[in-house]
Amino acid sequence: MELIVCDVTPDQVELERDVAPLIRLLRPGLGRAEFAAFAAEAHAQGLVFTAAYDPRGRCLAVAAHRVLATSRGRLLFVDDLVTDPDVRSGGVGAHLLGQLEERARRSGCVRIELDSGAANHGAHRFYHARRMSIVALHFAREL
(Lines give C-alpha, C1' and ligand atoms only; values in the text may rest on other atoms or scores of the structure.)
Protein backbone atom coordinates (compact mmCIF):
# COMPACT_ATOMS: atom_id res chain seq x y z
CA MET A 1 0.00 0.00 0.00
CA GLU A 2 1.32 3.40 -0.97
CA LEU A 3 1.25 5.87 1.93
CA ILE A 4 1.86 9.59 2.17
CA VAL A 5 3.44 10.48 5.52
CA CYS A 6 3.50 14.10 6.64
CA ASP A 7 3.61 16.23 9.76
CA VAL A 8 0.51 18.14 10.82
CA THR A 9 0.75 21.31 12.92
CA PRO A 10 -1.87 22.85 15.21
CA ASP A 11 -2.60 25.63 12.71
CA GLN A 12 -3.66 23.15 10.00
CA VAL A 13 -7.26 22.04 9.51
CA GLU A 14 -5.99 18.45 9.21
CA LEU A 15 -5.17 18.37 12.92
CA GLU A 16 -8.83 18.49 13.99
CA ARG A 17 -10.20 16.76 10.91
CA ASP A 18 -7.75 13.85 10.62
CA VAL A 19 -5.44 13.59 13.63
CA ALA A 20 -7.83 14.29 16.52
CA PRO A 21 -10.32 11.48 15.75
CA LEU A 22 -7.56 8.88 15.78
CA ILE A 23 -5.91 10.24 18.92
CA ARG A 24 -9.33 10.21 20.61
CA LEU A 25 -9.53 6.45 19.97
CA LEU A 26 -6.74 6.16 22.54
CA ARG A 27 -7.84 9.11 24.66
CA PRO A 28 -11.66 9.12 24.58
CA GLY A 29 -11.88 11.63 27.44
CA LEU A 30 -10.19 14.28 25.31
CA GLY A 31 -12.93 16.53 23.97
CA ARG A 32 -12.58 18.88 21.02
CA ALA A 33 -11.50 21.92 23.05
CA GLU A 34 -9.24 19.84 25.30
CA PHE A 35 -7.56 18.27 22.29
CA ALA A 36 -6.91 21.67 20.69
CA ALA A 37 -5.44 23.04 23.93
CA PHE A 38 -3.30 19.93 24.42
CA ALA A 39 -2.07 19.98 20.81
CA ALA A 40 -1.05 23.64 20.96
CA GLU A 41 0.75 23.32 24.30
CA ALA A 42 2.45 20.01 23.45
CA HIS A 43 3.50 21.25 19.99
CA ALA A 44 5.17 24.23 21.67
CA GLN A 45 7.04 21.70 23.84
CA GLY A 46 8.30 19.85 20.75
CA LEU A 47 5.53 17.31 20.10
CA VAL A 48 5.17 16.43 16.42
CA PHE A 49 2.03 14.90 14.93
CA THR A 50 2.83 12.67 11.96
CA ALA A 51 -0.02 11.26 9.88
CA ALA A 52 -0.10 8.50 7.28
CA TYR A 53 -2.59 8.98 4.43
CA ASP A 54 -3.67 6.69 1.64
CA PRO A 55 -3.48 8.08 -1.93
CA ARG A 56 -7.14 9.22 -1.72
CA GLY A 57 -6.34 11.43 1.30
CA ARG A 58 -7.82 9.24 4.05
CA CYS A 59 -5.84 9.44 7.30
CA LEU A 60 -5.03 5.87 8.32
CA ALA A 61 -2.63 6.31 11.25
CA VAL A 62 -1.13 8.97 13.49
CA ALA A 63 1.92 9.18 15.70
CA ALA A 64 2.60 11.90 18.26
CA HIS A 65 6.30 11.99 19.10
CA ARG A 66 9.21 14.13 20.25
CA VAL A 67 12.98 13.96 20.53
CA LEU A 68 14.24 14.07 24.10
CA ALA A 69 17.70 14.36 25.64
CA THR A 70 17.76 12.01 28.62
CA SER A 71 20.31 10.47 30.96
CA ARG A 72 19.79 7.29 28.91
CA GLY A 73 20.78 9.10 25.70
CA ARG A 74 18.93 11.01 23.02
CA LEU A 75 15.69 9.26 22.13
CA LEU A 76 12.56 9.62 20.09
CA PHE A 77 9.64 9.17 22.46
CA VAL A 78 6.30 8.18 20.95
CA ASP A 79 3.47 9.61 23.06
CA ASP A 80 0.75 8.02 20.93
CA LEU A 81 0.64 5.71 17.92
CA VAL A 82 -2.76 4.71 16.60
CA THR A 83 -4.01 3.11 13.41
CA ASP A 84 -7.59 3.29 12.17
CA PRO A 85 -9.23 0.02 13.34
CA ASP A 86 -10.50 -0.64 9.78
CA VAL A 87 -6.93 -1.00 8.46
CA ARG A 88 -5.10 -2.58 11.40
CA SER A 89 -2.82 -5.50 10.56
CA GLY A 90 -2.42 -4.10 7.05
CA GLY A 91 1.09 -2.71 7.48
CA VAL A 92 0.16 0.92 8.05
CA GLY A 93 1.33 1.07 11.68
CA ALA A 94 4.53 -0.78 10.79
CA HIS A 95 5.20 1.69 7.98
CA LEU A 96 4.64 4.67 10.26
CA LEU A 97 6.86 3.20 12.99
CA GLY A 98 9.54 2.63 10.33
CA GLN A 99 9.30 6.30 9.37
CA LEU A 100 9.77 7.25 13.03
CA GLU A 101 12.86 5.01 13.23
CA GLU A 102 14.36 6.85 10.26
CA ARG A 103 13.64 10.21 11.87
CA ALA A 104 15.20 9.01 15.11
CA ARG A 105 18.39 7.97 13.31
CA ARG A 106 18.60 11.29 11.45
CA SER A 107 18.14 13.12 14.78
CA GLY A 108 21.00 11.22 16.42
CA CYS A 109 18.77 9.17 18.71
CA VAL A 110 20.01 5.94 20.27
CA ARG A 111 16.53 4.39 20.47
CA ILE A 112 12.76 4.80 20.24
CA GLU A 113 10.73 4.54 23.44
CA LEU A 114 7.01 4.52 24.13
CA ASP A 115 4.51 3.55 26.79
CA SER A 116 1.69 1.13 26.10
CA GLY A 117 -1.32 0.55 28.32
CA ALA A 118 -0.91 -2.54 30.50
CA ALA A 119 -4.07 -4.16 29.11
CA ASN A 120 -3.43 -3.28 25.44
CA HIS A 121 -2.24 -6.75 24.43
CA GLY A 122 -2.77 -6.18 20.71
CA ALA A 123 -0.37 -3.24 20.82
CA HIS A 124 2.11 -5.30 22.83
CA ARG A 125 2.11 -8.00 20.13
CA PHE A 126 2.62 -5.31 17.48
CA TYR A 127 5.63 -3.81 19.32
CA HIS A 128 7.18 -7.20 20.11
CA ALA A 129 6.86 -8.17 16.44
CA ARG A 130 8.93 -5.06 15.64
CA ARG A 131 11.70 -6.19 18.02
CA MET A 132 10.77 -3.74 20.77
CA SER A 133 11.39 -4.90 24.33
CA ILE A 134 9.77 -4.10 27.63
CA VAL A 135 12.61 -2.35 29.44
CA ALA A 136 10.83 -0.47 32.22
CA LEU A 137 7.55 -0.06 34.07
CA HIS A 138 5.87 3.33 34.00
CA PHE A 139 4.38 4.33 37.35
CA ALA A 140 1.79 7.09 37.84
CA ARG A 141 -0.42 8.61 40.50
CA GLU A 142 -3.33 10.90 39.81
CA LEU A 143 -3.17 14.31 41.48
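This text walks through the strands, cores, side-chain pairs and unusual backbone angles of the structure above. The model is a predicted one.

Start with the strands. β3 and β4 run antiparallel, and 10 bridges join them. The link between β3 and β4 is a hairpin through two residues. One position to find in this pairing is A64, which stands opposite D80 in β4. On β4 there is also a pairing with β5. Here the sense is parallel, and the two strands share four bridges. Look for L76 in this pairing: its bridge partner in β5 is I112. Between these two strands the chain passes through α3, going from β4 to β5 in a right-handed β-α-β crossover. So β4 has β3 as an antiparallel partner and β5 as a parallel partner. β4 is also mostly covered, with eight of its 11 residues buried.

Next comes the packing. As a general point, nonpolar side chains in soluble globular proteins tend to be buried together. In this model the largest nonpolar core has 20 residues. Those that touch the most other members are L76, V78, L81, V92, L100 and I112. Two or more residues come from each of β3, β4, α3, β5 (111–114) and α4 (121–129). The largest share is that of α3, which gives five residues.

I112 is a good place to pause. Leaving aside residues up to four places away in sequence, I112 touches L76, V78, L100, E101, A104 and M132. L76 is thus a contact of I112 as well as its strand partner across β4 and β5. L76, V78 and L100 also stand beside I112 in the list of core residues that touch the most other members.

A separate core lies apart from this one. It has 18 residues, including L15, F49, A51 and A64. A64 has already appeared, opposite D80 in β4. F49 has a further role in the aromatic groupings.

The structure holds four aromatic pairs. One is formed by F126 and Y127. The ring centres lie 5.3 Å apart and the planes meet at 70°, so the pair counts as edge-to-face. How covered are the two residues? F126 is partly exposed, at 22% relative accessibility. Y127 is buried, with a relative accessible area of 11%. Elsewhere, F49 joins F35 and F38 in one aromatic cluster.

Now turn to the charged side chains. There are 12 salt bridges in the structure. In one of them R56 meets D54, at 3.0 Å from N to O. The two ends sit in contrasting surroundings. R56 counts as exposed because its relative accessibility is 70%. D54 counts as buried because its relative accessible area is 7%.

A second salt bridge connects R58 and D86, with the closest N and O atoms 3.7 Å apart. This pair links distant parts of the chain, 28 residues apart. R58 lies in the loop between β2 (48–53) and β3 (59–70), while D86 lies in the loop between β4 (73–83) and α3 (92–106). R58 is partly exposed at 31% relative accessibility. D86 is exposed, with a relative accessible area of 66%.

A third example is E113 with R111. Their closest N and O atoms are 2.7 Å apart. E113 is buried, at 14% relative accessibility. R111 is partly exposed, at 30%. Beyond these examples, E16, R24 and R32 belong to one network, joined by salt bridges that share partners.

Finally, check the backbone. Most residues other than glycine have a negative phi. Which residues depart from this pattern here? Two to inspect are S89, whose phi is near 70°, and R131, whose phi is about 65°. S89 is found in the loop between β4 and α3. That is also the loop that holds D86 of the salt bridge with R58. S89 is exposed, at 84% relative accessibility. R131 lies in the segment after α4. R131 is exposed too, with a relative accessible area of 78%.

Terms used. Residues are numbered from 1 along each chain as its sequence is written. This is a predicted model: local features need pLDDT of at least 70, side-chain atom pairs count only at pLDDT 80 or more; totals for chains, interfaces and linings use all residues. Side-chain values use heavy atoms; hydrogens and water are left out. A salt bridge is a side-chain nitrogen of Lys or Arg within 4 Å of a carboxyl oxygen of Asp or Glu. Buried means under 20% relative accessible area, exposed over 50%, partly exposed in between (1.4 Å probe, protein chains only). Rings of Phe, Tyr and Trp (its six-membered ring) pair if their centres lie within 6.5 Å; planes under 30 degrees apart count as stacked, over 60 as edge-to-face and the rest as tilted. A nonpolar core is a set of buried Ala, Val, Leu, Ile, Met, Phe, Trp, Tyr and Cys residues joined through side-chain atoms within 4.5 Å. Contact means heavy atoms within 4.5 Å. Two strands pair if DSSP finds at least two bridges between them. A crossover is right-handed if, with the strands pointing away from the viewer, the path from the first strand over the helix to the second runs clockwise.
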